[in-house]
Amino acid sequence: MTSEWLVKEAEQLLPQLIHIRRELHRFPELSMQEYETTRKVRAYLEEQGIRILPIDLPVGVLAEIEGSGPGPTIALRADLDALPVKEETGLPYASTIDGRMHACGHDFHTAAVLGSAILLQRSSEQFHGRVRLIFQPSEEKGTGALAMIKAGALDGVQAIFGMHNKPELPVGTIGLSPGALMASVDGFRLKVTGKGGHAAIPERAIDPIVAASAIVGALQTAVSRSISPFDRAVVSVCSFRSGSTWNVIPDDAILEGTIRTFSPAIRERLPQLIEQISNGIASAYGAVAELKWHTGIPGVHNDPAMVQRVRQAAEALQLSIVEAAPSTGGEDFAYYQTQVPGCFIWMGTSGTEEWHHPKFTLNEEALAPAASLFALTAMHTLNSLGEHILANKK
């Protein structure tokens, strides 16, 4: 089978994949509520004769395509959930559910991987081993990958591949690079306790708002003056809550925020650094700071060998390849990569808006190259891993 055959088949599939994507787009479902989406994905797979694997989860789908002989198992992953965003695109297939929208393109990911599945099913005689299809719920909440792993999605899997649409890249272009691609995501809650009192007599109080405000400013130096400029990190205070009326100094103030970094070492260091800054500033004002840390998802880190597999497939399909620009956004695909080697790529979609925007759109022509790329990547990887296994046995 040639790459030309794959391209031709993917182009012929395009109207069907567009129909699937639009059907999913019209009926978006939020994280861990993807019941109808799950049903539809199962139905699409069953129509193609693709085996559904049992899974002890109310949402999400596992399926598998058998090659023509025994061999390794690799996985392709897509995400199912939408966002609590009111769609403003005005498209004829816009969301029919008020306040919900596929504003991050997960409907595109799902349709593209379904396309890869159809191509692989039609060409199963061309590879040995198995392709596991993972359609996971709850990526937006960062809990779906762990749930799928716990349910056995990676059992026996030796490599995994995934993607995210990239609006600023044109259709036919992919962003690809080894190493860090997306940041780890952690959160914090900081309680600053002072002493309440009358706003007209501030000298008899310890104002937590003044102390917390100073902490907000000082936290900006956690990166700019304590982290090397070669180690990228972001500290953002996103919520500041204190007081209930205009003439009373409150007892406390609550700050909440997020930390993003590409370095595991910096990620480990930042909680202590933030606590040190907060305690020092609070103490200077006579207040007390209490930090609660919320560990989130790790960073997406691409395995160089798996990057090479994608590169080979993309070159064979004559796709344009650019260096992937790292993003401080998070992706729970990272959890799979803590278990097996994997590669996550940017798939160009010539979009009009960035992720999560109410007018987010993409060019559906990108479904064809996405489907063919992941199908060919799967076959190349299975053949390469199989040869490696045979060589080791000899």
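Here's a walk through a helix pair, the cysteines and one buried alanine. Keep in mind that this is a predicted model.

Let's start with helix 5, which covers residues 208–219, and helix 7, which covers residues 264–284. The two pack with their axes 9 Å apart, at an angle of about 145°. As for handedness, the crossing of helix 5 past helix 7 is right-handed. If you want to find the contact on screen, helix 5 brings Ala211, Ala214, Ile215, Ala218 and Leu219, while helix 7 brings Ile274, Ile277, Ser278, Ile281 and Ala282. What sort of residues are these? Nine of them are nonpolar and one is polar, with no charged residue in the contact.

Now for the cysteines. The disulfide count here is zero. Why is Cys104 not bonded? Its closest cysteine sulfur belongs to Cys238 and lies 17 Å away, so the gap is too far for a bond; a disulfide would need the sulfurs within 2.5 Å. Looking from the other end, Cys238 likewise has Cys104 as its closest cysteine sulfur, at 17 Å. Their surroundings are worth a look too: Cys104 is buried, at 4% relative accessible area, whereas Cys238 counts as exposed, at 60%.

Last stop: Ala145, which sits in helix 4 (residues 144–150). Is Ala145 buried or exposed? Its relative accessible area is 0%, so Ala145 counts as buried. Leaving aside residues up to four places away in sequence, Ala145 touches Gln136, Asp332, Tyr335 and Tyr336. Ala334 is 189 residues away from Ala145 along the chain, yet their C-alpha atoms are separated by 8.4 Å.

How values were computed. Residues numbered from 1 in each chain as written. Predicted model: local features only at pLDDT ≥ 70, side-chain atom pairs only at ≥ 80, totals over all residues. Heavy atoms only, no water. Axes fitted to C-alpha atoms, helices over the stretch in contact; angles between N-to-C directions. Helix = DSSP H or I, 4+ residues; strand = E, 2+ residues; numbered from the N terminus. Left-handed = near helix turned anticlockwise from the far one by under 90°. Contact = heavy atoms within 4.5 Å. Nonpolar A, V, L, I, M, F, W, Y, C, P; charged D, E, K, R; others polar. Buried < 20%, exposed > 50% of the residue type's maximum accessible area, 1.4 Å probe, protein only.
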